[in-house]
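Reader: Please pick one part of this model and look at it closely. Then follow its contacts outward into the surroundings.

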Amino acid sequence: MRLRLDVVVRRGEIAESVHRIQAVAVDPDGRMALETERPGMVTTFRSAAKPFQLLPLVERGHAERWKLTDQELAVMCASHTGSSYHLELVSGVLDRLGLDASALACGYHDPLDPESLADVKAHPEKRSGLYNNCSGKHAGMLCLALSEGWPVRGYERADHPVQQLMCRTIAELCGVSADSLLTAVDGCSVVVFALPLSGMARAYARLAAASESGDARESALARIRGAMRAYPRATGGVGRLSSELMERGAKDRIAKGGAEGLECVALPARDLGLALKSEDGQARGLGPALFAALDQLGALEPGEAERLADLARPILRNHAGLEVGVIEAVARRLEPAVG
């Protein structure tokens, strides 16, 4: 199925702006169930890579060794809001490792959680890397370094064994060669990967299809999937599209977003992975685009789009609270590609 997928921002009846969305859904072998004009668009995986950056820690048995809980694994996949709940989870992991926030290479940024933000503004001495939305991922990387006997210092650098292992793992899950991955420095200072959108969807298809009784990789992916599904707030927080979708949407769905307008979803009921990218990097169109893609795939539960209308078709309000417009997806089927 080929689509053109746009998200239109309407003020009254006026189309005020348009976000072009590229999307692709594939099975674990890379067979396409849905594609827009550019399924091979190369872009950065950003935070949507986190479940697979966590994979080596679980696959190699270190999660069991350190007795990591599913909540702790979920926060290692998180782009969290910096709430007290998230801070406690990450601090608990670091305590078990014999480390503190000074070991985190991610740096500080203001939390999205209002209570935490008010607290650090009142007490700026509390600022640390714990509040960074990637602090859980970094705690997992520190745990992997300690578990493998690798140096903790410099774990974020491209030449460190942790990041080299991440690179190989991402390539394997996405069905591409490690040499083909483009890399740069992410907002949290670790390596970020660029690859085709179809490769990202394939990794999520493998997450969707992983069997608990499979080999070490399969069972590790299944555990990560279960942790994210059981604790959607740990993976993000209030207002995060991925958390809201898992918490209020279909019961088996796994979602993870990334910066610059990226959202990836695993659909275990269909053994499919879905990746969407807003070409202009704006995230506000992702909810409507995601629901439109799920609808085209026949993957929406009855009444789900209506139940999550705040995500599927957000209402625009002005400063006085008046309803002035809407953000909605427009999906149009295209002729099959020739050749």
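**A small sheet and its surroundings**

Author: Strands E5 and E6 (residues 191-196) pair in the antiparallel sense, over four bridges. One bridge places Thr 183 opposite Phe 193 of E6. The model is a predicted one.

The pair belongs to an open sheet of three strands. The order is E4-E6-E5, and the pairing is antiparallel. E4 (42-44) and E5 (182-185) are the edge strands, each pairing on one side only. Ignoring direction, neighbouring strands are turned by 30 degrees against each other on average. Helix H8 (residues 197-209) packs on this sheet. H8 touches E4 and E6, and its direction makes about 105 degrees with that of E6.

Now follow Phe 193 outward. Which residues does Gln 53 touch, leaving out those up to four places away in sequence? They are Lys 137, Met 141, Met 166, Ile 170, Val 191 and Phe 193. Val 191 and Phe 193 fall within E6. Gln 53 itself lies in helix H1. Gln 53 counts as buried because its relative accessibility is 6%, and the cut-off for buried is under 20%.

Lys 137 and Met 141 lead on to helix H6 (residues 135-148). The axes of H1 and H6 come within 9 Å and cross at roughly 25 degrees. Angles under 35 degrees count as roughly parallel, and H1 and H6 therefore run roughly parallel to each other. Their crossing is left-handed. From H1, the contact takes Lys 50, Gln 53, Pro 56 and Leu 57. From H6 come Lys 137, Gly 140, Met 141, Cys 143, Leu 144 and Ser 147. By class, this contact of H1 with H6 has five nonpolar, three polar and two charged residues.

H1 also meets helix H9. The axes of H1 (residues 50-59) and H9 (residues 216-230) come within 9 Å and cross at roughly 120 degrees. H1 is therefore oblique to H9. H1 passes H9 in a right-handed crossing. On the H1 side, the residues are Pro 51, Phe 52, Leu 54, Leu 55, Val 58 and Glu 59. On the H9 side, they are Ala 216, Arg 217, Ala 220, Leu 221, Ile 224 and Met 228. The contact of H1 with H9 has ten nonpolar residues, no polar ones and two charged ones.

Go back to the sheet and leave by H8. Val 265 and Ala 205 are 60 residues apart in sequence, yet 8.4 Å apart in space, C-alpha to C-alpha. Ala 205 falls within H8. Val 265 lies in strand E8 (residues 262-267). Is Val 265 buried or exposed? It counts as buried, because its relative accessibility is 0%.

The contacts of Val 265, leaving aside neighbours within four places in sequence, include Tyr 204, Leu 245 and Arg 253. Val 265 also touches Ile 254 and Ala 255, which fall within strand E7 (254-258). Leu 272, Gly 273 and Leu 274 are in contact with Val 265 too. Those three fall within strand E9 (272-278). Leu 290 is a further contact of Val 265.

Leu 290 brings in helix H11 (residues 286-296), where it is one of the buried residues. Ten of the eleven residues of H11 are buried, so the helix is largely enclosed by the rest of the structure. Among the buried ones are Leu 286, Phe 291, Leu 294 and Gln 296. After H11 comes Gly 298, with a positive phi near 70 degrees.

The loops on either side of E8 deserve a look as well. Glu 260 sits in the loop between E7 and E8. Its phi is near 60 degrees, a positive value in a residue other than glycine. Glu 260 counts as partly exposed, because its relative accessibility is 46%. Asp 271 sits in the loop between E8 and E9. Asp 271 is not a glycine, but has a positive phi of about 55 degrees. Asp 271 is partly exposed, with a relative accessible area of 34%.

How values were computed: Residues numbered from 1 in each chain as written. Predicted model: local features only at pLDDT ≥ 70, side-chain atom pairs only at ≥ 80, totals over all residues. Heavy atoms only, no water. Axes fitted to C-alpha atoms, helices over the stretch in contact; angles between N-to-C directions. Helix = DSSP H or I, 4+ residues; strand = E, 2+ residues; numbered from the N terminus. Parallel < 35°, antiparallel > 145°, perpendicular 65-115°, else oblique. Left-handed = near helix turned anticlockwise from the far one by under 90°. Contact = heavy atoms within 4.5 Å. Nonpolar A, V, L, I, M, F, W, Y, C, P; charged D, E, K, R; others polar. Buried < 20%, exposed > 50% of the residue type's maximum accessible area, 1.4 Å probe, protein only. Pairing = 2+ DSSP bridges.
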